[in-house]
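Reader: Could you take me on a close tour of one part of this model? I would enjoy a connected account of a single charged spot and what surrounds it.

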Amino acid sequence: MSAAEKKRPSRGATRRKQRAKARPVVAWELWFNRGVIVLAVCAVLGAAHWGYSALREMPVRNILISGDVRHLDAEQVKALIQPELEGGFLGADLVAIRKQLLGLPWVYEASVRRQWPDVVLVAITGQTPIARWGSGAYLNHQGDVFLSDDHDEALNRLPLLHGPVGMQQVMMADYLRLQDALAALDLHVNELVMDERGELRAHVDKGFWMVLGRGLLRARLKRFARVYRTHLALGEPIKQIDLRYNNGLAVAFAKPPSAASEADSES
């Protein structure tokens with residue numbers, strides 16, 4: 001082996017010497033770097049918390065109400081929900097506001113949402129009264145009862161339903177079925193009554209009562225429609241029709257106007 005080969009260092013030895021020359025990390029520098037990171041994170045979290053608090057406390061400046069508000073006073077609605085807005089734009093309790101709105105007589109459904117930067121939007125779906133229920137109450141299309149002090153002429157012309165407590169939804173379903181069948185005969189229900197046994201009677205705008213009984217409503221109405229169209233529609237005034245028979249019906253006629261006038265003249 002030559003002298004030059006003896007003096008040449010191996011590659012592995014060179015790398016070991018280079019690593020040996022790298023400057024060691026001082027402990028205080030490591031802690032300083034960690035401290036800087038912690039401070040930066042704290043600064044970001046603090047700024048986020050401050051921003052959230054500022055947004056949360058930002059007041060609601062406008063309440064916009066849309067939808068069916070014919071029977072509602074917009075200013076009274078705003079006054080009702082105002083206490084729930086004291087927490088600010090983000091702190092407002094939208095669930096509590098919706099619950100309060102649903103407690104109003106003429107509100108069937110309500111939605112409440114925020115609109116940046118300071119607006120609360122309220123959308124109202126109003127009740128649709130289908131019939132009067134007892135005294136001072138109304139039924140919507142699902143048979144739900146709601147109360148109201150609003151008694152305008154249009155509401156007073158609604159059909160009247162009355163029956164046992166808790167049967168309003170059953171009666172609404174019967175009313176809709178009955179009215180649908182009678183509309184083809186140019187008849188309209190003025191009043192529908194259910195007694196304690198669940199038997200139905202209906203008074204129609206032609207001035208007579210229909211004794212419907214309990215159950216079998218569809219079949220009885222089908223038989224009534226056939227007889228009324230062919231024999232009764234253009235006949236003498238009717239006082240009552242009893243539909244509770246299995247294969248027919250019983251008709252009680254009112255006293256004809258001519259007979260009534262003759263009786264008056266004889267007396």
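Author: Happily! Let us begin with Asp242, which is buried, with a relative accessible area of 10%. Please keep in mind that this is a predicted model, and every distance below is computed from it.

What does the side chain of Asp242 meet? It forms a salt bridge with the side chain of Arg244, at 2.8 Å from N to O. Arg244 is partly exposed, at a relative accessible area of 39%, whereas Asp242 is buried.

Arg244 has another partner as well: its side chain meets that of Glu199 in a salt bridge of 3.6 Å, N to O. Arg244 sits in the loop between β11 (238-242) and β12 (250-253), while Glu199 belongs to the loop between β8 (189-194) and β9 (200-204), so this pair ties together parts that lie 45 residues apart in sequence. Glu199 is partly exposed, with a relative accessible area of 23%. Taken together, Glu199, Asp242 and Arg244 are linked in a network of salt bridges.

Now for a residue beside this network. Arg220 is found in helix α8 (residues 217-232), and Arg244 is among its contacts. Arg220 is buried yet has no salt bridge. Which side chain of opposite charge is nearest to Arg220? That is Asp242, 7.1 Å away. A salt bridge needs a side-chain nitrogen and a carboxyl oxygen within 4 Å, so at 7.1 Å Asp242 does not form one with Arg220.

What Arg220 does have is a backbone partner: a polar atom of its side chain lies 2.6 Å from the backbone oxygen of Leu212. Leaving aside neighbours within four places in sequence, Arg220 is in contact with Leu212, Gly213, Arg214, Gly215, Leu243 and Arg244.

Leu212 leads us from the charges to the nonpolar interior. The largest nonpolar core has 30 residues, and Leu212 is one of those with the most contacts inside it, along with Leu182, Leu192, Phe208, Met210 and Phe224. Two or more residues of this core come from each of β4 (131-133), β5 (137-139), α7 (168-183), β8, β9, β10 (209-213), α8 and β11. The largest share, 6 residues, is given by α8, the helix in which Arg220 is found. In soluble globular proteins, nonpolar side chains tend to be buried together.

Leu182 offers a good view of this core. Setting aside neighbours within four places in sequence, Leu182 is in contact with Leu187, Val189, Val204, Met210 and Phe224. There is also a second, separate core of 22 residues, which includes Leu94, Val107, Val120 and Phe146.

For contrast with the network, look at Asp195 and Arg197, whose side chains meet in a salt bridge of 3.5 Å, N to O. Asp195 is partly exposed, at 26% relative accessible area, and Arg197 is exposed, at 57%. In total, the model has 7 salt bridges.

Stepping back to the whole chain, the secondary structure comes to 9 helices and 12 strands. Of its 267 residues, 29% count as buried. Among contacts with a separation of 6 or more, 45% join residues 24 or more positions apart. The chain exposes about 17,700 Å², with carbon and sulfur atoms supplying 55% of that area.

Terms used: Residues numbered from 1 in each chain as written. Predicted model: local features only at pLDDT ≥ 70, side-chain atom pairs only at ≥ 80, totals over all residues. Heavy atoms only, no water. Helix = DSSP H or I, 4+ residues; strand = E, 2+ residues; numbered from the N terminus. Buried < 20%, exposed > 50% of the residue type's maximum accessible area, 1.4 Å probe, protein only. Lys, Arg positive; Asp, Glu negative; His and termini not counted. Polar contact = N/O pair within 3.5 Å; in protein donor to acceptor, adjacent residues only side chain to side chain. Contact = heavy atoms within 4.5 Å. Core = buried A, V, L, I, M, F, W, Y, C linked by side-chain atoms within 4.5 Å. Areas by Shrake-Rupley, 256 points an atom, 1.4 Å probe, with all protein chains shown as cover.
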